[in-house]
Amino acid sequence: MIRFEQVTKRYPDGTTAVDGLSFEVAEGELVTLVGPSGCGKTTTMMMVNRLIEPTSGRVLVDGEDIARVDPVRLRRRIGYVIQQVGLFPHRTILDNTATVPTLVGWKRAKARARAAELLDLVGLDPKTFGPRYPDQLSGGQRQRVGVARALAADPPVLLMDEPFGAVDPVTRDQLQDEFLRMQAAVRKTVLLVTHDIEEAVRLGDRIAVYGQGRIEQYDTPGAVLGTP
Ligand code: ADP
Ligand code: ADP
């Protein structure tokens with residue numbers, strides 16, 4: 001589903017962020033990318049939606065070399081959730097959630113109905129929360145809206161960069177549980193970046209353990225934990 005073939009990213013200042021990376025994520029699989037700050041996780045993820053272009057190598061999504069896919073269209077097939085979810089402050093939660101379906105041309109009523117479904121899926125009652133504005137929600141609730149928005153147009157691929165990084169530990173546990181329940185229902189192909197090995201092990205079907213610019217281990221949670 002997502003395949004990296006000998007991918008290297010060198011930034012103009014000479015930093016090699018990712019060095020000859022090859023790995024594959026199966027359809028419906030959730031892979032966590034874990035490692036210390038600066039080891040290349042975000043660079044890896046952003047090469048999937050072409051916010052960053054590789055210096056060499058190829059990235060394939062669904063067997064297709066993404067260098068040949070229009071980047072704007074590609075990004076709309078890929079949901080993206082970051083730590084600081086940028087919600088539009090002057091739009092309601094329902095309209096924020098309906099952003100992407102509306103952008104890709106869905107009729108307004110259909111986009112809003114879909115947005116309500118997704119809010120429900122992430123544990124926010126659409127009747128209560130739909131009409132509110134972002135500043136009337138807690139951080140954890142806003143993070144859920146970010147997930148709902150990313151999924152609203154039903155992209156097959158979901159990219160998540162430290163999605164639970166900005167909330168307190170109790171809320172984080174709760175969001176992780178809800179996310180796992182949701183993922184069991186929708187089965188997206190997910191890449192999730194975290195610096196927290198516990199989170200990586202808890203959420204990942206497989207875990208990519210990063211060293212500097214490379215994946216040092218790519219295996220199931222059990223195998224990663226079993227390593228001396
Ligand atoms: P992580 O997500 O693991 O923290 P990043 O992918 O953000 O790592 O960064 C990997 C390396 O690339 C780091 O050394 C970082 O400083 C460097 N880097 C990231 N973005 C840029 C950039 N735009 N220009 C130059 N170096 C960058
Ligand atoms: P515009 O073309 O109006 O600037 P954007 O394409 O930048 O709109 O998207 C508007 C908002 O929707 C942004 O905050 C962006 O982060 C978010 N967004 C866009 N595409 C996606 C997507 N595929 N998944 C999740 N959020 C998205």
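Me: Is Arg73 buried or exposed?
Reply: In this predicted model, Arg73 counts as exposed because its relative accessibility is 55%, and the cut-off for that class is over 50%.

Me: Which helix is Arg73 in?
Reply: Arg73 is part of helix α2, which covers residues 71-76.

Me: And how far is Arg73 from Ile93?
Reply: Their C-alpha atoms are 24 Å apart in space, with a sequence separation of 20 residues.

Me: Let us turn to the ligands. Which residues are around ligand 1?
Reply: The residues around ligand 1 are Tyr11, Asp13, Thr15, Ala17, Pro36, Ser37, Gly38, Cys39, Gly40, Lys41, Thr42 and Thr43. By class, that shell divides into 4 nonpolar, 6 polar and 2 charged residues.

Me: Which element gives the largest share of the shell around ligand 1?
Reply: Helix α1 does, with 3 residues.

Me: What about polar atoms, for example how far is the side chain of Thr43 from an oxygen atom of ligand 1?
Reply: An N or O atom in the side chain of Thr43 is 2.5 Å from an oxygen atom of ligand 1. The backbone takes part as well: an N or O atom of Cys39 lies 3.1 Å from a ligand 1 oxygen, and for a backbone N or O atom of Gly40 the distance is 3.0 Å.

Me: How much of ligand 1 does the protein cover?
Reply: On its own, ligand 1 has 560 Å² of accessible area, and the protein covers 63% of this.

Me: Now the other one. What is around ligand 2?
Reply: The shell of ligand 2 consists of Arg75, Arg76, Ile78, Gly79, Tyr80, Gly86, Phe88, Thr99, Val100, Leu103, Arg149 and Ala150. The protein covers 58% of the 550 Å² of accessible area that ligand 2 has on its own.

Me: Which polar backbone atoms are listed with a nitrogen atom of ligand 2?
Reply: One belongs to Ile78, at 2.9 Å from a nitrogen atom of ligand 2. Another belongs to Tyr80, where the distance to a ligand 2 nitrogen is 3.5 Å.

Me: Back to α1. Is Thr44 buried or exposed?
Reply: Thr44, in helix α1 (residues 41-46), counts as buried because its relative accessibility is 0%.

Me: What does Thr44 touch?
Reply: Leaving aside residues up to four places away in sequence, Thr44 touches Phe4, Val18, Leu21, Phe23, Leu33 and Tyr210. With Tyr210 there is a polar contact between the two side chains, at 2.8 Å. Phe4 is 40 residues apart from Thr44 along the chain, yet their C-alpha atoms are separated by 9.2 Å.

Me: On to α7. Why is α7 described as largely enclosed?
Reply: Helix α7 is largely enclosed by the rest of the structure because 11 of its 13 residues are buried. Among the buried residues are Gln141, Arg144, Val147, Arg149 and Ala150. Two of these, Arg149 and Ala150, also appear around ligand 2.

Me: What are the expected span and the end-to-end distance of α7?
Reply: For residues 139-151, the expected span at 1.5 Å a residue is 18 Å, and the end C-alpha atoms are 19 Å apart, which agrees.

Me: Which residue has a side-chain polar contact with Arg144?
Reply: Glu178 does, side chain to side chain, at 3.3 Å. Glu178 sits in helix α8 (residues 169-186) and counts as buried because its relative accessibility is 18%, with the cut-off at under 20%. Besides Arg144, Glu178 touches Val122, again not counting residues up to four places away in sequence.

Me: Which other residues of α8 are buried, and what covers them?
Reply: Along with Glu178, the buried residues of α8 are Thr171, Leu175, Gln176, Phe179, Met182 and Gln183. Their cover includes β3, α5, α7, β7, β8 and α9.

Me: What happens at the ends of α8?
Reply: At the N-terminal end, Asp168 acts as a cap, with a side-chain oxygen 3.1 Å from the backbone nitrogen of Val170. Just after the helix, Arg187 takes a positive phi of about 50°.

Me: Last item: where is Thr189, and is Thr189 buried or exposed?
Reply: Thr189 is in strand β8 (residues 189-194) and counts as buried, at 1% relative accessibility. The residues that Thr189 touches, beyond those up to four places away in sequence, include Met1, Val25, Glu27, Pro156 and Leu158.

Terms used: Residues numbered from 1 in each chain as written. Chains lettered and ligands numbered in written order. Predicted model: local features only at pLDDT ≥ 70, side-chain atom pairs only at ≥ 80, totals over all residues. Heavy atoms only, no water. Helix = DSSP H or I, 4+ residues; strand = E, 2+ residues; numbered from the N terminus. Buried < 20%, exposed > 50% of the residue type's maximum accessible area, 1.4 Å probe, protein only. Contact = heavy atoms within 4.5 Å. Polar contact = N/O pair within 3.5 Å; in protein donor to acceptor, adjacent residues only side chain to side chain. Near = heavy atom within 4 Å. Areas by Shrake-Rupley, 256 points an atom, 1.4 Å probe, with all protein chains shown as cover. Nonpolar A, V, L, I, M, F, W, Y, C, P; charged D, E, K, R; others polar. Expected span 1.5 Å × (residues − 1).
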